[in-house]
Amino acid sequence: EEIKLFCPATIANLSCGFDVLGLCLDNVGDEMIIRKTSEKGIKITKIVGADLPLETEKNVAGVVALAMISNLNLDFGFEIEIYKKIKAGSGIGSSAASSAGAVFGINELLGRPFSTKDLIPFAMEGEKLASGSAHADNVAPALLGGFVLVRSYSPLDIIKIKSPEELYATVIHPQIELKTSDARSVLKQNVTLKQAVIQCGNLGGLISGLYTNDYDLIGRSLNDEIVEPLRSVLIPKFDLVKQKAIENGALGGGISGSGPSIFALSKGKETAEKVAKAMSQVYEEMNLKYEIHVSKVN
Ligand code: HSE
């Protein structure tokens, strides 16, 4: 018995939602095959496309799978093959795709003892291993699809957010690797009341815009004065790439997750593709390698 999975990439934070908001991309992601085996436990048998550890305890897919089955008393186990397409340290949820894929696939093979939402805490263990922090803003949208809000971490309260049909994301990855743990270490632990007020206003505005299909409000709300100024200095030509996206019709944009990828949201595929061209141009001109994706938010 086996299952073949698409493990989607995700954009976390969406500017004003640091650690609490993420969205799922519909055509960018890894593949994973999970097989039931007579041998107990979890074995990672193959990883293609990335140099990642095969040892179960060191691999995010292995760790989340172990966490998930540890209380189930199974007399069988699973082996996992991972075909990585999302680069580690790219800012579009590479570790989250593996974590979410492993728990989702095993749950299917077990006949769904857990609801999809119940899988999120297990998948968060993978994020803890990968980045030192068990953030849910990549694994939750990877598992649930679309936009997802982490209303609270303790207790965990995950809310799926409606979003407009024609919303497209453009994500460009300048080919440098930025570890989430490093990108978190540049952050300050305190914000001012003024910053908190601005952030709350934008996050409320973004959620409202998503629910009411108000594209202009979505665009106005994509701001971040807390994290973006500290992280954007780590990303080549961040300001120019974002500016080009907006000049070419994007509603707004920012750092994808912890970077270095930069995202823009647009109304309609055509605009998202035009935005992709404009963003690419910046790296073309400086001869920097990049990868670019246009994807429906799904
Ligand atoms: N919210 C996390 C961060 C996402 O910004 O560090 C990492 O992908």
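Modeller: Before we look at this predicted model, one cut-off is needed: a residue is exposed if 12 or fewer other C-beta atoms lie within 10 Å of its own, and buried if 20 or more do.

Biologist: Taking N287 as a trial, is this residue buried or exposed?

Modeller: N287 has 6 C-beta neighbours inside 10 Å, and therefore it counts as exposed. N287 sits in the loop between α10 (269–285) and β10 (290–296).

Biologist: What is the sign of phi at N287?

Modeller: Most residues other than glycine have a negative phi. N287 is not a glycine, yet its phi is positive, at about 60°. N73 is another non-glycine residue with a positive phi, near 55°, and it lies in the loop between α1 (60–69) and β4 (77–83). N73 is exposed because 6 other C-beta atoms lie within 10 Å.

Biologist: And where should I look for cis peptide bonds?

Modeller: Most peptide bonds are trans. In this chain, the bond from S154 to P155 is cis, with omega near 0°, and P155 belongs to the loop between β5 (147–153) and β6 (156–161). The bond from G259 to P260 is also cis, with omega near 5°, and P260 is placed in the loop between β8 (252–255) and β9 (262–267).

Biologist: How should I read a helix, say α2, and how far does it reach?

Modeller: An α-helix has 3.6 residues a turn, so residues three or four places apart point the same way. Helix α2 (residues 94–109) has 16 residues and spans 23 Å from its first C-alpha to its last, which is close to the 22 Å expected at 1.5 Å a residue. After α2 comes G111, with a positive phi near 85°.

Biologist: How many residues of α2 are buried?

Modeller: Helix α2 is mostly covered, since 14 of its 16 residues are buried. One residue of α2 is V103, which is buried because 29 other C-beta atoms lie within 10 Å. Not counting residues up to four places away in sequence, V103 touches V64, A65, M68, L119, F122 and A123. V103 and I34 are 69 residues apart in sequence, while their C-alpha atoms are 10 Å apart in space.

Biologist: What share of the contacts in the whole chain joins residues at least 24 apart?

Modeller: Among contacts between residues at least 6 apart in sequence, 72% join residues at least 24 apart. The chain has ten helices and ten strands, and 49% of its 298 residues count as buried. A compact globule of 298 residues would have a radius of gyration near 19 Å, and the chain agrees because its own value is 19 Å.

Biologist: Which domains does UniProt place on this chain?

Modeller: An unreviewed UniProt entry gives "domain: GHMP kinase N-terminal" at residues 65–146, a span that is 48% helix and 9% strand, with its end C-alpha atoms 24 Å apart. UniProt also gives "domain: GHMP kinase C-terminal", likewise from an unreviewed entry, at residues 207–284. That span is 55% helix and 13% strand, and its end C-alpha atoms lie 34 Å apart.

Biologist: Finally, which residues come nearest to the ligand?

Modeller: There are 13 residues around the ligand, and A12, D19, H135, G257 and S258 come nearest. By character, the shell divides into three nonpolar, seven polar and three charged residues. Helix α5 (residues 180–185) supplies the largest share of the shell, three residues.

How values were computed: Residues are numbered from 1 along each chain as its sequence is written. This is a predicted model: local features need pLDDT of at least 70, side-chain atom pairs count only at pLDDT 80 or more; totals for chains, interfaces and linings use all residues. A residue is near a molecule or strand if its C-beta atom, placed from the backbone, lies within 6 Å of it. Helices (H or I, at least four residues) and strands (E, at least two) are DSSP runs, numbered from the N terminus. Ala, Val, Leu, Ile, Met, Phe, Trp, Tyr, Cys and Pro count as nonpolar, Asp, Glu, Lys and Arg as charged, and the others, Gly among them, as polar. The radius of gyration is taken over C-alpha atoms; the globule rule is 2.2 Å times the number of residues to the power 0.38. Two residues are in contact if their C-beta atoms, placed from the backbone, lie within 7 Å. The expected span of a helix is 1.5 Å times one less than its number of residues. UniProt positions are given in the numbering used here, feature names are shortened, and annotations may be inferred rather than shown by experiment.
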